[in-house]
Amino acid sequence: INPSNSEALFETAVISYLKKSYADALTALKKAGAANPNDFKIFALAGEICYKTERYDEARAELKKALAINSTLADANYYLGRIFADSREYVEAISQFEKALEADPSRFDCLLALAGAYQAMENNEEAVRHYKRAVEISKNDPAAVIALGDLYFKLGDFDNAITLYRELKAKKAGDYETVLSKLSQCYFNKQMWYDVIETGNELLSLKPDDLETLFTVAEASEEGQNATQAENYLRKIIGFHPGNIEARLKLGALYARQKDHDAAIIQYKEALKINENRIDANLELGKLYKIKNFITEAIEQFRKISSLSPNSYDARFNLAVTLFENSLFEESREEFEKIIKMTPKQHAPYYYLGLINEEKGMMNEAISEYKAAIAQKHDYVEAHFKLADVYLKKMLTEEAISHYKEVIKYDEKNFEAHFKLGQAYRDKGMIEESVNANISVITHAPIDSPYAEKARQLIKPQTKTSFWKKF
């Protein structure tokens with residue numbers, strides 16, 4: 001053993017380490033370790049360098065050598081804990097971090113790592129406790145404060161997170177843009193729209209073209225009922241980032257919600273110039289064409305999406321409904337049958353097939369389709385109603401009564417169902433039940449409704465014969 005030679009080599013290694021010449025440092029440390037294998041600091045530094053250069057197996061071996069010589073080395077325990085944490089061996093990591101803190105209780109970086117290990121194990125109570133200790137020991141070091149704030153944010157404790165981030169903002173401590181961004185996220189989750197916009201504008205004063213911030217303040221503006229301001233932010237995005245399709249889509253959606261369908265169409269067309277195969281843009285454009293009664297264009301759009309994405313339920317359904325609404329029944333039937341093959345558990349396609357069969361006078365087939373719709377959705381009020389109507393037309397009064405009752409079960413205020421139920425009871429000669437049904441019509445229908453007027457006539461105290469003749 002040559003201690004003086006090992007010390008000289010160690011000093012050379014330290015100089016290389018400080019210069020970040022890690023390969024030279026490790027070469028000197030290897031020689032120093034051979035000269036003095038009992039000097040723990042040689043192996044501790046070698047382990048740290050190996051960790052920082054991602055040579056984890058070598059790091060583990062060197063750190064264990066150091067700890068075998070001296071078990072109270074804060075650095076060695078800390079870096080060994082980091083290796084365990086990186087390997088998701090959190091129990092072992094926590095043990096090493098705690099040993100490091102026993103050796104040096106002032107190590108706030110170790111407290112942060114310990115808190116992070118507890119957080120990874122979802123032991124949030126311990127994580128919060130150790131983050132707080134790190135904040136206290138470091139005297140509000142921004143890294144520790146942000147780590148604690150981030151955990152509060154993850155736990156949904158936005159008030160505590162806001163308090164911490166506001167303190168950093170007031171002191172302009174840490175990365176100011178990061179602090180503002182995190183504060184804005186907290187405000188957004190608290191639906192504090194004015195504060196989101198105010199903080200966002202401060203961020204934009206530092207970085208005017210920041211995409212995430214512009215989108216955030218645009219959404220906050222719309223949520224805060226300021227559509228004009230939202231439009232301005234979205235137009236800023238388009239100005240800074242003309243190829244950003246999301247800004248076009250959001251602006252189109254904003255115009256659509258305002259019923260400015262022409263402006264919305266323009267934006268969706270611009271979006272499709274950026275990506276002509278974008279499914280949602282094509283779909284929304286088709287819906288807008290339909291609203292504008294541009295039926296040929298709407299059908300063309302929906303067919304295009306069905307070609308681009310054959311399994312798109314929305315595209316095929318919108319196509320089928322548009323065809324149905326324009327009396328193209330056989331084409332509509334074909335599309336609904338394709339949808340059922342693709343997604344047999346959807347209720348609406350069966351319902352529309354029932355409507356098509358009714359239009360064609362195929363009442364038994366209509367009954368089958370309405371029943372199929374109800375099998376998929378038991379509280380499908382529209383299907384129950386149409387099924388009851390068909391039964392009433394076929395003079396199957398008991399069945400009609402049963403399904404009008406189902407409508408009322410799920411929609412008690414459906415005065416039309418009460419009226420039809422009264423009609424069915426009348427056909428069965430059940431006068432009292434019919435009168436009660438018409439009383440329900442008067443209770444639920446608007447006072448000037450034709451249904452209410454007829455119901456009032458039907459419950460006038462007249463003889464049974466004149467009573468029904470008046471109806």
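Colleague: Quick one to start: is K41 buried, partly exposed or exposed?
Modeller: This is a predicted model, and in it K41 has 28% relative accessibility. That falls between the 20% and 50% cut-offs, so K41 counts as partly exposed.

Colleague: Okay, and which residue does K41 form a salt bridge with?
Modeller: With D39. Their closest N and O atoms are 2.6 Å apart.

Colleague: What's the relative accessible area of D39, then?
Modeller: It's 8% for D39. Buried means under 20%, so D39 is buried.

Colleague: Why would side chains like that pair up at all?
Modeller: Opposite charges can pair when the charged atoms come close.

Colleague: Switching topic: how many salt bridges are there?
Modeller: The count comes to 35.

Colleague: Cool. What does E331 pair with?
Modeller: E331 forms a salt bridge with R303, with 3.0 Å between the closest N and O atoms. That pair links distant parts of the chain, as E331 is in helix α20 and R303 is in helix α18, 28 residues apart.

Colleague: And how far apart along helix α20 are E335 and K338?
Modeller: They're 3 residues apart, so about one helical turn separates them. E335 and K338 form a salt bridge too, with the closest N and O atoms 3.7 Å apart.

Colleague: Which of those is buried and which is partly exposed?
Modeller: E335 is buried at 4% relative accessible area, while K338 is partly exposed at 34%.

Colleague: Last one: which residues do shared partners join into one network?
Modeller: Salt bridges with shared partners connect R303, R316, E331, E334, E335 and K338.

Notes:
Residues are numbered from 1 along each chain as its sequence is written. This is a predicted model: local features need pLDDT of at least 70, side-chain atom pairs count only at pLDDT 80 or more; totals for chains, interfaces and linings use all residues. Side-chain values use heavy atoms; hydrogens and water are left out. A salt bridge is a side-chain nitrogen of Lys or Arg within 4 Å of a carboxyl oxygen of Asp or Glu. Buried means under 20% relative accessible area, exposed over 50%, partly exposed in between (1.4 Å probe, protein chains only). Helices (H or I, at least four residues) and strands (E, at least two) are DSSP runs, numbered from the N terminus.
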